[in-house]
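Have the model open and ready to rotate? Let's walk through it together, starting from a single side chain and working outward.

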Amino acid sequence: MFSLSNLSYKAQRIVIIVTFSFVPILLLLTFGYLPVVGMFKYAFTDWNGISPNYHWVGFDNFKRIFTEEKYYEGFLNSIYYFGGSFVQLAIALYFATILSFAVKGKNFFKGVLFFPSMINSVAVGLIFLFFFRPEGTLDTILGFFGITDPPKWLLNTKIINISLVGASVWRYLGFTFILLLGAISSVPHDLYEAAEIDGANRWHQFKYIILPSIRRIVAITLILSISGSVAPFEIPYIMTGGSNGSNTFVIQTVTTTFSYSKYGMGSAMAVVLFLIVIFVTLLQKSFIKEEK
Amino acid sequence: MANLKAPTARTFKYLTLIIGAFCALAPLVVVLFASFKSSQEYMGTGPLTPPQDWFNFDNYRTAFVKGNMLTGFKNTAIIMAVSLIGNILIGTMIAYVLQRFTFKARGMIMVAFLFAALIPSVTTQVILFKIVHALGLFNSMGSAIILYLGTDIIGIYIFIQFMENISTQLDESAMLDGASYFTIFAKIIFPLLAPAIVTLLIIRGIGIYNDFYIPFLYMPDPDLRTISTSLFAFKGPFGSHWETICAAVMLIIIPTVIAFLALQKYIYNGFTQGAVK
């Protein structure tokens, strides 16, 4: 009977390298790289996803993405999400700083602030549909403060994106918070003590000790949020399906491809998104290199 | 002056923490309230009013039975179990090869995995959909399983880092006893990787439990609904029955709460480790 241990270690080495890497690499190529190749190929065609025939259309799809409003509208809405990511970072940084010092109920607050980022995305969507309902939670809370005529949070085209970004911030804040908390807690504690002896207050400690030590992770979070804000999908899709002016580029890509069977167009949109994200990531990589 | 300032700062600190906790919890608590209210009670009371009867589980029953949530939990459990086992096996195997052996293609493989992590997954779905179709996996659990199965650079990094701290002397002494490389992997390395495996199980497990995109795109068959897609299906037929929808939301959050309370430390570490690489 064949047994691995009968072979010499040299032969075993080859057997184990080949058999252990075969499946992971096959999966990587099939589901990681093949789609990218296909995406670039079909982006220049009018393929409908079913027919074996399709035509080469050159850069037509790309021209339409940047000239037809229904396609580029999603990018405009990204600005809201981008703005939201700054708010998210600021709040996360504030709470991470406070909670890295002695606070009563530290674990409770830490857990409560983090927990939303563990919740199922569909659940988050429904929670906020409920939250923003007319005469719902938000309106009732505002009523306590004397605001009796609140806007229609998810119907008013001027406000809808802000509401959706609010839900996104609620969902992702905890994640940013826990990352920053981890980074801040790795700052050696005697630095604070030394600074305190020199008469530094909390703000000085934040500005001169904490911020410089976590600069890198703050930068990474910020840059990631650029690529994150081009591609919001789950929350807006679940909550509004992209209606009332809340369309995002990814929602449009999904509907163009899967509802209208425009695979060529969908591929072109995917290529645009792909290039943006790659560009941002390279920016991040070069930034980190500079830091080192 | 200084004496006066300190308590104010303290008050401000706790005030903001309480506001923060309130904002994090309020959207959840109102859902919990509504889930225990009867239809009439829901219509007649404000969202911030607690339910009259905290043991009114009618909505939960309706959500569970009419919303077919049992199917959702069952499917999610199957998909999670199979793909997590596969994911761990594949991840530890490739990490073992990459960390313990030096060979020509090693660097290339690392770069291939690294670069793949840069590809935004939402963009590749357009073509991925066709590939899954061509493999005959569309509308089967196989589609989700195979897509979750593949390992990525974060998993590989976590395993490699951990493996670097497992002394190669262990391998060498096993080799003196005539153990094959496979035996070394299965009997020595794999068991010692347990803490890293736990970390990865948690990150991946939460990811799969919460994923909406893949089951939504690849398994539209109602019998194949996962918890995410069965919850999404509540939007239509239960559109105006918010008390039922709220119960369904709670049903899905409860396992998350339990997992969070039980595994807090691992979860914090897992997320921090997984993200910064």
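Start with B:Phe129, which sits in helix H6 (residues 121-134) of chain B. Keep in mind as you look that this is a predicted model. Is B:Phe129 buried or exposed? Buried, because it has 20 C-beta neighbours inside 10 Å, and 20 is where the cut-off for burial lies. Now find B:Leu217: along the sequence it is 88 residues from B:Phe129, yet the two C-alpha atoms are 8.0 Å apart in space.

Zoom out to the rest of chain B. What you'll see is helices, 14 of them, with 0 strands. Of its 277 residues, 39% count as buried. Is the chain folded into a ball? A compact globule of 277 residues would have a radius of gyration near 19 Å, whereas chain B comes out at 24 Å. Along the principal axes, its C-alpha atoms take up a box of roughly 75 × 70 × 35 Å. The pairing of B:Phe129 with B:Leu217 spans 88 residues, and long separations also show up in the contact count: take the contacts in chain B between residues at least 6 apart in sequence, and 75% of them join residues at least 24 apart.

For a look at how helices meet here, pick out H4 (residues 69-100) and H7 (residues 141-149) of chain B. Their axes come within 8 Å and cross at roughly 35°, and the crossing is right-handed. On the H4(B) side, the contact is made by B:Asn75, B:Ile78, B:Ile79, B:Val82, B:Ser83, B:Gly86, B:Asn87 and B:Ile90. H7(B) answers with B:Met141, B:Ala144, B:Ile145, B:Tyr148 and B:Leu149. Sort these residues by class and you get 9 nonpolar, 4 polar and no charged ones.

Not every helix of chain B is tucked away. Helix H9 (residues 168-176) is hardly covered, with 0 buried residues among its 9. Just after H9(B) comes B:Gly178, which takes a positive phi of about 85°.

Now bring chain A into view. Chain A is also built of helices, with 13 of them and 0 strands. Its radius of gyration is 25 Å, well over the 19 Å that the globule rule gives for 292 residues, so chain A is more spread out than a compact globule. The box around its C-alpha atoms is roughly 70 × 70 × 40 Å along the principal axes. Buried residues make up 42% of the chain. As for contacts with a separation of 6 or more, residues 24 or more positions apart account for 68% of them in chain A.

Where do you find a positive phi in chain A outside glycine? Two places to check are A:Asn244 and A:Ser261, each with phi near 55°. A:Asn244 belongs to the loop between helix H11 (234-239) and helix H12 (249-259), while A:Ser261 lies in the loop between H12 and helix H13 (263-291). Neither reaches the 20 neighbours needed for burial: A:Asn244 is partly exposed, with 16 other C-beta atoms within 10 Å, and A:Ser261 is partly exposed too, with 15.

Next, the place where the chains meet. Here 66 residues of chain A are in contact with 67 residues of chain B. Helix H1 (residues 9-42) of chain A gives the most to chain A's side, with 21 residues. That side divides into 47 nonpolar, 17 polar and 2 charged residues.

B:Cys246 makes a good guide to this region. It is in helix H14 (residues 242-276) of chain B and counts as buried, because 27 C-beta neighbours fall inside 10 Å. Leaving aside neighbours within four places in sequence, B:Cys246 is in contact with B:Val31, B:Ala34 and B:Ser35 and, from the other chain, A:Phe130. B:Val31 is 215 residues away in sequence, but the C-alpha to C-alpha distance is 5.3 Å.

Finally, look at the largest nonpolar core, which has 145 residues. Which of them touch the most other members? They are A:Ala123, A:Ile127, A:Phe177, A:Leu180, B:Leu231, B:Ala248 and B:Val249. Helix H7 (residues 160-185) of chain A gives the most to this core, with 15 residues. To trace a link between the chains, click on A:Ala123: not counting residues up to four places away in sequence, A:Ala123 touches B:Leu231, B:Val249, B:Ile252 and B:Ile253.

How values were computed
Residues are numbered from 1 along each chain as its sequence is written. Chains are lettered from A and ligands numbered from 1 in the order in which they are written. This is a predicted model: local features need pLDDT of at least 70, side-chain atom pairs count only at pLDDT 80 or more; totals for chains, interfaces and linings use all residues. Helices (H or I, at least four residues) and strands (E, at least two) are DSSP runs, numbered from the N terminus. The radius of gyration is taken over C-alpha atoms; the globule rule is 2.2 Å times the number of residues to the power 0.38. A residue is buried if 20 or more other C-beta atoms lie within 10 Å of its own, exposed if 12 or fewer, and partly exposed in between; C-beta atoms are placed from the backbone. Two residues are in contact if their C-beta atoms, placed from the backbone, lie within 7 Å. Ala, Val, Leu, Ile, Met, Phe, Trp, Tyr, Cys and Pro count as nonpolar, Asp, Glu, Lys and Arg as charged, and the others, Gly among them, as polar. Axes are lines fitted to C-alpha atoms, for helices over the stretch in contact, and angles run from 0 to 180 degrees between N-to-C directions. A crossing is left-handed if the near helix is turned anticlockwise from the far one by less than a right angle, and right-handed if clockwise. A nonpolar core is a set of buried Ala, Val, Leu, Ile, Met, Phe, Trp, Tyr and Cys residues joined through C-beta atoms within 7 Å.
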